[in-house]
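User: I should like to learn how a ligand site and its neighbouring elements are read. Could we work through one case?

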Amino acid sequence: MAGNAKQTHSGHRGLDMDEPLIFEQDAPGRTGVDLAEPPAVQDRLGGLARRGPVGLPGLSEPQVVRHFARLSRMNYAIDTGLYPLGSCTMKHNPRLNEKVARLPGLGDLHPMQPEETVQGAFELIDTLAHWIKTLTGMPAVAMSPAAGAHGELCGLMCIRAAHEAKGNPRARVLVPESAHGTNPATAAMCGYTVDAIPADDRGRVDLAAFEAKLGDDVAGVMLTNPNTCGLFENDIVKVADRIHEIGGYFYADGANFNAIVGRVRPGDLGIDAMHLNLHKTFSTPHGGGGPGSGPVVLSEALAPYAPVPFVVHGPDGFRLAEHAGGDAAKTFGRMKGFHGQMGMFIRALSYMLSHGSDGLRQVAEDAVLNANYVLARLQDVMSPAYPGPCMHEVLFDDHFLKDTGVSTLDFAKAMIDEGYHPMTVYFPLIVHGAMLVEPTETESKDSVDRFIDSLRYLAEKAKSGDTAFFEQAPELTPRRRLDETRAARSPVLRWQPPPAADAAE
Ligand SMILES: *Cc1c(COP(=O)(O)O)cnc(C)c1O
């Protein structure tokens, strides 16, 4: 417990409630509902029967409600505060999207319904696909991938299928050192050797190093733009030209599309495949493991290999087809049950239509403006990793903490006491002690100013030599700083009752 915290008899600390785990609260036989004994039914499982109780805890309804309400209060969320987690685009989720997704005609859909009863849903998918293609300047989109990483897998499987159709899948995929870990993981899963491209001293792909790696065994390149340092890859058109010259394909990681939506069309840059994270750029909720949605736009060259199914417009309305009008035999197959994350499609389309083209362009402009404001107001006390303006996120390294005894991790933990979720730390890997701050466009100037003031306070505190202030952080949270290795290897999963009040100091 915190040295300065008063010991309570209950173990609660004011509004911060402490209680046993839900399984430890079990009272066998207690229940929230009173159901009649089910009638005996004919066994349809060939004699398979449950051998004993399933082991669910016996709890009343108020116990369950309180337990989960209390847990939710220990969490940080976009709905409670600024969430500067770089690369994740933790923007506000407009409630209009939620309202639309809950309309009975949409919310009560079932994926097994007959096609003639879900024409509106197909039209919605088709309309969203239209706007995705328009915004990216690409001719085709595969809607089913369930997240960014799944979209990368989809794109690389298309690339592999396209090479295989020409008789040789090729062996290497080029990936910048600054890439998100899902990029090399995807290439490796598709059977490729990952060949890392170094960054230059401006935080961009080193074009000469990239060119030196080209060869006829290179299947393609995976490039993020703006990249994970929050910088626009100025040589992107040259990268596209060079990879096409050797017969390879260009995969773009579109996770950072928020910085350029409405301003840049990836199709104009020579991209062959790119995923969008609807849960980042298009404001569908994320965190807590999903659900996400990662549609993949494709060039003419890759479109025939896209996964099935497609929504197509026939003489009698929409229907699902096993190909997009091209050669059905070329598809690499199916990625996912049903048609994709319908609930996310609804929210993303609601977001697009409520913003309009001018609104979406302003999203990108304000996201970039907010990040540059953070950069401008912090550059005298923290250390920007690269000179010059940034895109939608600003990357700091740990130079400003040199000789203070305070690490990037200490600094991040102290932010929790200030009431902020930390920024992304130690990513990208090419910067020492990286801190990647993405304020997003949905924070007001007041909110960004308060955040900046807290960071200035912490940076000055670190430079003042007050290491004790950081060593213990966070001190004001329900749980104090954990030994991260021990917490992962031997987690304490049981509730620790409070020490007897008279034993407290
Ligand atoms: C978020 C992100 C991904 C992965 O997307 P998920 O939807 O989390 O699978 C890939 N690349 C970058 C740069 C990202 O920020």
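Analyst: Helix H5 (residues 148-165) supplies the largest share of the shell around the ligand, three residues. Helices here are DSSP runs of H or I with at least four residues, numbered from the N terminus. This is a predicted model, in which local features need pLDDT of at least 70 and side-chain atom pairs pLDDT 80 or more, while totals for chains, interfaces and linings use all residues. Residues are numbered from 1 along each chain as its sequence is written, and side-chain values use heavy atoms, without hydrogens and water.

User: Which residues surround the ligand?

Analyst: A residue is near a molecule if one of its heavy atoms lies within 4 Å of it. Those surrounding the ligand include Ser87, Gly148, Ala149, Glu152, His180, Asp253, Asn277 and Lys280.

User: Which backbone atoms lie opposite ligand oxygen atoms?

Analyst: A polar contact is a pair of N or O atoms within 3.5 Å. A polar backbone atom of Gly148 is 2.7 Å from a ligand oxygen, and one of Ala149 is 2.8 Å from a ligand oxygen. From the side chains, a polar atom of Asn277 lies 3.0 Å from an oxygen of the ligand. The protein covers 86% of the 380 Å² of accessible area that the ligand has on its own (Shrake-Rupley method, 1.4 Å probe).

User: Which residues of H5 are buried?

Analyst: Buried means under 20% relative accessible area, with a 1.4 Å probe and protein chains only. Among the buried residues of H5 are Gly148, Glu152, Leu156 and Ile159. After H5 comes Gly167, with a positive phi near 100°.

Conventions:
Polar contact = N/O pair within 3.5 Å; in protein donor to acceptor, adjacent residues only side chain to side chain. Helix = DSSP H or I, 4+ residues; strand = E, 2+ residues; numbered from the N terminus. Buried < 20%, exposed > 50% of the residue type's maximum accessible area, 1.4 Å probe, protein only.
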